[in-house]
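I sat down with this one to look up ring contacts and helix packing. My notes follow in the order I took them.

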Amino acid sequence: MWLQLSKLQAAIHRSTSVRSRPASRRFAVMTKSKLSQGELVRNCMRKSPAPLIDIGVNLVDHAFDKDRAEVISRAREAGVAAVIVTGCTVASAAAARDLCESVTDFPLFFTAGVHPHNAKDCDESTLQQLTELAKHERCVAIGECGLDFNRNFSPPDVQEQWFAAQVTLALQLQKPLFMHCRDAGARFANILTQAGISSSNSS
């Protein structure tokens with residue numbers, strides 16, 4: 001889905017009849033628009049010249065509760081051929097699985113994993129639950145997993161423990177990894193190397 005800022009601004013100005021307002025006030029104008037965010041997106045959307053697969057959509061987030069079906073519809077209009085719904089916790093991965101099963105007119109797939117922000121909530125049942133979710137035919141990867149030393153919503157050592165565990169799980173299940181790394185490059189690479197993953201044997 002391609003958005004051009006100039007077209008988005010134009011749509012906002014048309015909807016609010018404030019073409020003459022200075023650029024410094026455009027953000028304020030956007031918040032006053034009578035159009036929904038989805039309508040603004042549709043007004044400036046361009047269809048992709050080739051089919052796309054969106055590999056990381058947080059579509060089970062509560063922010064989409066009001067217009068999830070419309071988001072999927074707009075994706076189809078924009079030339080998106082399939083969407084992979086991100087699992088960031090066991091619960092959200094299970095919700096992603098349920099969404100994939102409930103939507104029958106558009107190709108949805110999902111990932112099963114625990115984001116580093118949520119690593120502190122993992123326990124002895126986490127890996128078994130992820131393993132069961134990963135058996136589903138629509139589960140295409142383990143993750144979103146990794147390290148985020150920028151925000152540290154989970155302690156770094158806990159992040160490392162559960163990232164390493166999910167890397168091992170992906171290798172055992174022969175699933176791709178869907179990974180996240182922020183301000184943790186060296187340790188991130190080290191964990192992958194210790195698991196036997198390198199640029200020469202990964203694909």
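**Helix packing first**

I began with the contacts between two helices: from H5, Val90, Ala93, Ala94 and Arg97 touch Thr126, Gln129, Leu130 and Leu133 of H6. I should jot down that this is a predicted model.

Next I looked up the geometry. H5 covers residues 90–102 and H6 covers residues 126–134; their axes lie 10 Å apart, and the packing angle is about 15 degrees. Angles under 35 degrees count as roughly parallel, so I put H5 and H6 down as roughly parallel to each other. I checked the hand too: H5 and H6 make a left-handed crossing.

**Rings**

How many aromatic pairs does the structure hold? I found one. The partners are Phe163 and Phe188, with 5.0 Å from centre to centre and 15 degrees between the planes. Planes under 30 degrees apart count as stacked, and I logged Phe163 and Phe188 as a stacked pair.

Where do the two rings sit in the chain? Phe163 belongs to helix H7 (residues 156–173) and Phe188 to helix H8 (residues 185–194). With these positions 25 residues apart, the pair links distant parts of the chain.

Then I asked whether each ring residue is buried or exposed. The cut-off for buried is under 20% relative accessible area. Phe163 comes out at 1% relative accessibility, so I call Phe163 buried. Phe188 is at 13%, so Phe188 gets the buried label as well.

**A charge over a ring**

Last entry: I looked at Arg138 and found its charged end over the ring of Phe109, 5.4 Å from the ring's centre.

Terms used
Residues are numbered from 1 along each chain as its sequence is written. This is a predicted model: local features need pLDDT of at least 70, side-chain atom pairs count only at pLDDT 80 or more; totals for chains, interfaces and linings use all residues. Side-chain values use heavy atoms; hydrogens and water are left out. Rings of Phe, Tyr and Trp (its six-membered ring) pair if their centres lie within 6.5 Å; planes under 30 degrees apart count as stacked, over 60 as edge-to-face and the rest as tilted. Helices (H or I, at least four residues) and strands (E, at least two) are DSSP runs, numbered from the N terminus. Buried means under 20% relative accessible area, exposed over 50%, partly exposed in between (1.4 Å probe, protein chains only). A charge sits over a ring if NZ of Lys or CZ of Arg is within 6 Å of the ring centre and within 35 degrees of the ring normal. Axes are lines fitted to C-alpha atoms, for helices over the stretch in contact, and angles run from 0 to 180 degrees between N-to-C directions. Angles under 35 degrees count as roughly parallel, over 145 as roughly antiparallel, 65 to 115 as roughly perpendicular and the rest as oblique. A crossing is left-handed if the near helix is turned anticlockwise from the far one by less than a right angle, and right-handed if clockwise. Contact means heavy atoms within 4.5 Å.
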